Amino acid sequence: MNPSPSVPEATPTPTEEPITAPERPAEMERMDEVGAVAAAEYFLAVEEYVFRTGDLQQWDKISLADCGFCQNKRDAAVRVYGSGGRYVGAETTTGEPAVVGHDPALNGYAVEIEYSAGPGQELDAAGEVVADLAVGHGFLVLDVMPVNGEWGLLSVAGSEKSAS
């Protein structure tokens, strides 16, 4: 009797965890410093979600009309994901946020958050590398303000040094 031919075992393919949209924190109901900090953290989480998925639904809700940073992020997502591409890598970590400014007339806040971003790539629809994304570290200052009872993102500025 001939031994039966060995059948190679299937190698499990890694499955990617589904990416879920960030939850809006309850603290964003507050129109004070606590709400501003929660909004800034949420806005960065939504920006990361857009980077990973190309889904702009939440981004469009939080971006104020005059936010150049917001429009640039939107344009990049449309360009990459609209053509079937995607971003990979560039894992981002953030530090503790701190309010570094307040405009009482507008009730706007400047919230600073330290960040670090690892290496990443932009891929085209075929999975080929289009561009390498640089490693980064520094500080972001998010200008947030309430509009019609909801927090909105007015601008984001980056710096190598802390504003505080």
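Is alanine 90 buried or exposed? In this model, which is a predicted one, alanine 90 is buried, with a relative accessible area of 9%. I start with that residue because at 9% it falls under the 20% that we take as the limit for buried, and because it also has an unusual backbone, as I will explain next.

Alanine 90 sits in the loop between β1, residues 86-89, and β2, residues 92-94, and its phi is positive, at about 55°, although the residue is not a glycine. As a general point, most residues other than glycine have a negative phi. Asparagine 107 is another non-glycine residue with a positive phi, near 55°, and its place is in the loop between β3, residues 98-103, and β4, residues 108-117. A glycine also comes up here, since glycine 127 takes a positive phi near 85° in the hairpin of β5 and β6, which has 5 residues between the strands.

Let me stay with that hairpin for a moment. Strand β5, residues 120-123, and strand β6, residues 129-133, run antiparallel and are joined by 4 bridges; within that pairing, glutamine 121 has aspartate 132 in β6 as its bridge partner.

Now to the nonpolar cores. The largest one has 26 residues, and those with the most contacts inside it are Phe43, Trp59, Val111, Leu142, Val144, Trp151 and Leu153. At least two residues of this core come from each of α1, α2, α3, β4, β7 (136-147) and β8, with α1 giving the largest share, 10 residues. Apart from this core lies another, of 5 residues, and here we meet alanine 90 again, for Ala90 is among its members together with Phe51, Tyr81 and Tyr87. In soluble globular proteins, nonpolar side chains tend to be buried together.

The last topic is charge pairing, where the count comes to 8 salt bridges. Which parts of the chain does the pair of glutamate 150 and arginine 24 tie together? Their side chains meet in a salt bridge of 2.9 Å, N to O, and since glutamate 150 lies in strand β8, residues 150-159, while arginine 24 lies in the segment before α1 (33-53), the pair ties together parts that are 126 residues apart in sequence. Glutamate 150 is partly exposed at 41% relative accessible area, and arginine 24 also counts as partly exposed, at 31%. Both belong to a network of salt bridges that links Arg24, Glu29 and Glu150.

Next to alanine 90 in sequence we come to glutamate 91, which forms a salt bridge with arginine 52, the closest N and O atoms being 3.6 Å apart. Glutamate 91 lies in the loop between β1 and β2 and arginine 52 in helix α1, so this pair ties together parts that are 39 residues apart in sequence. The two partners fall into separate classes of accessibility, in that glutamate 91 is exposed, with a relative accessible area of 54%, whereas arginine 52 counts as buried at 18%.

Finally, arginine 74 and aspartate 60 meet through their side chains in a salt bridge of 2.9 Å, N to O. Because arginine 74 lies in helix α3, residues 68-82, and aspartate 60 in helix α2, residues 57-62, the pair ties together parts that are 14 residues apart in sequence. Arginine 74 is partly exposed at 27% relative accessibility, and aspartate 60 is partly exposed as well, at 36%.

Conventions: Residues are numbered from 1 along each chain as its sequence is written. This is a predicted model: local features need pLDDT of at least 70, side-chain atom pairs count only at pLDDT 80 or more; totals for chains, interfaces and linings use all residues. Side-chain values use heavy atoms; hydrogens and water are left out. Buried means under 20% relative accessible area, exposed over 50%, partly exposed in between (1.4 Å probe, protein chains only). A salt bridge is a side-chain nitrogen of Lys or Arg within 4 Å of a carboxyl oxygen of Asp or Glu. A nonpolar core is a set of buried Ala, Val, Leu, Ile, Met, Phe, Trp, Tyr and Cys residues joined through side-chain atoms within 4.5 Å. Two strands pair if DSSP finds at least two bridges between them.
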